[in-house]
Amino acid sequence: MVRLTWCGALAVLLLGPPVRAQDEIRIGAVLPVTGKESKIGGAYKQATELAVKEINDAGGLQVGAKKMKVNLSLLDDTSDPAKSAQLVEQLITQNKSHAIIGGYGSHLVQAQSVVPDRYGVPYLSGGAGATAIYGRSKWVFGTLSPVEHLAETQMKFLDDLVKQGKLKTPLTIALITENTEHGNDYAKGVNDFVKTHPGYKVAIAEKFELNTTDYRPLLQRVAEAKTDLFLADSHLEDFIAMHRTYTQMGLHHQMLTHGARGSDTAARKALGPATDYIFASGWWSDLLPYPQVKDFSARYKKETGVEPQWYHAMAYETVRALLTAISKAGSLEPEKIRAALAGLKMEKSIVPGQVLYFTKTGQADLPFVVTQNKPGGKVDLVWPKEDATGQAVAPIPTTK
C-alpha cells in the first residue's frame, strides 16, 4: 500500500499536475452585484447568465471541430474599483479564464481594464462608454458606444425640436455632470455641439461626485441660473436622488435629461409622475422595429419575468459577441480570440443599426436612440425619426 502510494506520488512528480482538459470555454466576469451599482449590476448578471445558459442548453458553442460548453465564473466586486481589478486578475491567474467579460460602470471598468493587457487575455465590457478606457490596449474591447456621441445625439434631437418650432433659440443650458471620465465625455459632447451652433449657450456647468447625498446646494445654483434646458449625466442612484430634490424644489425646464437615465423601471417606480417627459439617449430600446429585438424581448421576459431594458440587452449582446468571436476564431488561443473580436461584424444584432462591430480603439460606435417618458408609465422612441413610435413633447408642460 505504501509502495503504491509512493509510486503514485512519483508519477505526479514526473508527469506534473493533471492538465485541465480543453473541453470547456472558461469565461470570467466581474460585476457590481452588490453595493452602489447593484441595481444595474444585478441586471447585467441576470442577462449574462441567461446568454450563457442559452448556449449551453443548445449543446455548447462550436469551436473548431467540436462543441464546447461555457463555464462562467461570475464574481461580485461590491462596486469597489480596487476589488474589481483584483478579481479580474484572480480570474485570469487562478481560474485560467480564456476571456473576461468586463463590468458595469466606467469607473469600475477603467480599473479592470489595465489587467488584461498585463496577461494578454481578451476582455470585452458591455457596461462602459468612456473613451479613455479604450485604445490603450489591443486586448480591451467594449460594446457601449462613446458617451460623447450620446450627448451629441441628444443635442441633434434638441436642435430638431427647434427646427420643428417646438423650442425656440436662443437656449441656455445647465450642464450637470458626474466627476468621472463618463461625465467628462458627456460634457465634451455637449460643448462641442454648442461651439458650432450659435443658438445654444452653456450658462452654468457643475460637477458632482458619485453617490452625492445632498443635491440641494447644486440645484440651488441651477435655479439661480434660470436656464432653459437641464442636461445632466448621472448614474441611476444619482439620477433618482437628484431628480427627487429637483422635484421637491419645484424646478422646471423646457427640456430635461439625465443622459442615459430616464425610462429606467427603478426610477419610475421611485419617482412616479415626476419622471414624465424626461428624455434619455440610450444604447438600446425594446421599441426598435427589428424582428430580432421583438424576439429577444419576448424571450427574455419569458425566461426571467423581466421586461428588458438597455442594460439587459447590452449585457446579453456582449456575451453573444464574445462567443461569436471565439467560434469564429475556432480556437481558445488568446491572440486568435482577440483578432476575431477586432474583426467582428455581427449582423442581425439587436443593437441600433443591427450590426455590432468594433473600431480601431476596440470600442463600438453605433447609433444612439432617444426615448421620452409619457404619462401613465408610457415610453416613446422619438429619435431617430424613422423609428419613432410617437412625437416628442416639447417644451415640458408646466404642472398645474
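Student: What share of the 400 residues in the chain do buried residues make up?

Tutor: Buried residues account for 54% of the 400 residues in the chain, and this value, like the others we shall discuss, is computed from a predicted model. The accessible surface is a separate quantity: the chain exposes about 17,200 Å², of which carbon and sulfur atoms supply 54%.

Student: What radius of gyration would a compact globule with 400 residues have, and what does the chain have?

Tutor: A compact globule of 400 residues would have a radius of gyration near 21 Å, and the chain, with 23 Å, agrees with that expectation. The spans of the C-alpha trace along its principal axes, about 90 × 40 × 40 Å, should be read beside that value. As for contacts, among those with a separation of 6 or more, 67% come from residues 24 or more positions apart.

Student: How many helices and strands does the chain have, and in what order do the strands of the open sheet run?

Tutor: The general idea is that strands of a sheet pair through backbone hydrogen bonds, in either a parallel or an antiparallel sense. This chain has 13 helices and 15 strands, and 6 strands form an open sheet in the order 2-3-1-4-5-6, with mixed pairing. Its edges are strand 2 (61–63) and strand 6 (140–142), each of which pairs on one side only. On average, neighbouring strands of this sheet are turned by 30° against each other, with direction ignored.

Student: Which strands does helix 2 touch where it packs on the sheet?

Tutor: Helix 2 (residues 38–57) touches strand 1 (24–31), strand 2, strand 3 (66–76), strand 4 and strand 5, and the direction of helix 2 makes about 165° with that of strand 3.

Student: In which sense, parallel or antiparallel, do strand 4 and strand 5 pair?

Tutor: Strand 4 (residues 99–104) and strand 5 (residues 123–127) pair in the parallel sense, over 4 bridges. To locate this register in the structure, you can start from G102, which stands opposite S125 in strand 5.

Student: How many salt bridges does a search of the whole structure find?

Tutor: Side chains of opposite charge can pair when their charged atoms come close. A search of the whole structure finds 22 salt bridges, and one network of them links E148, K188, D192 and K195.

Student: Where do D57 and K53 lie with respect to each other in helix 2?

Tutor: D57 and K53 are 4 residues apart in helix 2, so about one helical turn separates them, and their side chains meet in a salt bridge at 2.7 Å, N to O. D57 is exposed, with a relative accessible area of 57%, whereas K53 is partly exposed at 41% relative accessibility.

Student: Is D159 buried or exposed, and what of K163?

Tutor: D159 is buried, with a relative accessible area of 14%, while K163 is exposed at 66%. D159 and K163 form a salt bridge in which the closest N and O atoms are 3.7 Å apart, and, being 4 residues apart in helix 6 (residues 147–163), they are separated by about one helical turn.

Student: What is the relative accessibility of D380, and how should I read K378 beside it?

Tutor: D380 has 4% relative accessibility and counts as buried because the cut-off is under 20%, whereas K378 is partly exposed, with a relative accessible area of 43%. The side chains of D380 and K378 meet in a salt bridge at 3.4 Å, N to O.

Definitions and conventions:
Residues numbered from 1 in each chain as written. Predicted model: local features only at pLDDT ≥ 70, side-chain atom pairs only at ≥ 80, totals over all residues. Heavy atoms only, no water. Pairing = 2+ DSSP bridges. Helix = DSSP H or I, 4+ residues; strand = E, 2+ residues; numbered from the N terminus. Axes fitted to C-alpha atoms, helices over the stretch in contact; angles between N-to-C directions. Contact = heavy atoms within 4.5 Å. Salt bridge = Lys/Arg side-chain N within 4 Å of Asp/Glu carboxyl O. Buried < 20%, exposed > 50% of the residue type's maximum accessible area, 1.4 Å probe, protein only. Rg over C-alpha atoms; globule rule 2.2 N^0.38 Å. Areas by Shrake-Rupley, 256 points an atom, 1.4 Å probe, with all protein chains shown as cover.
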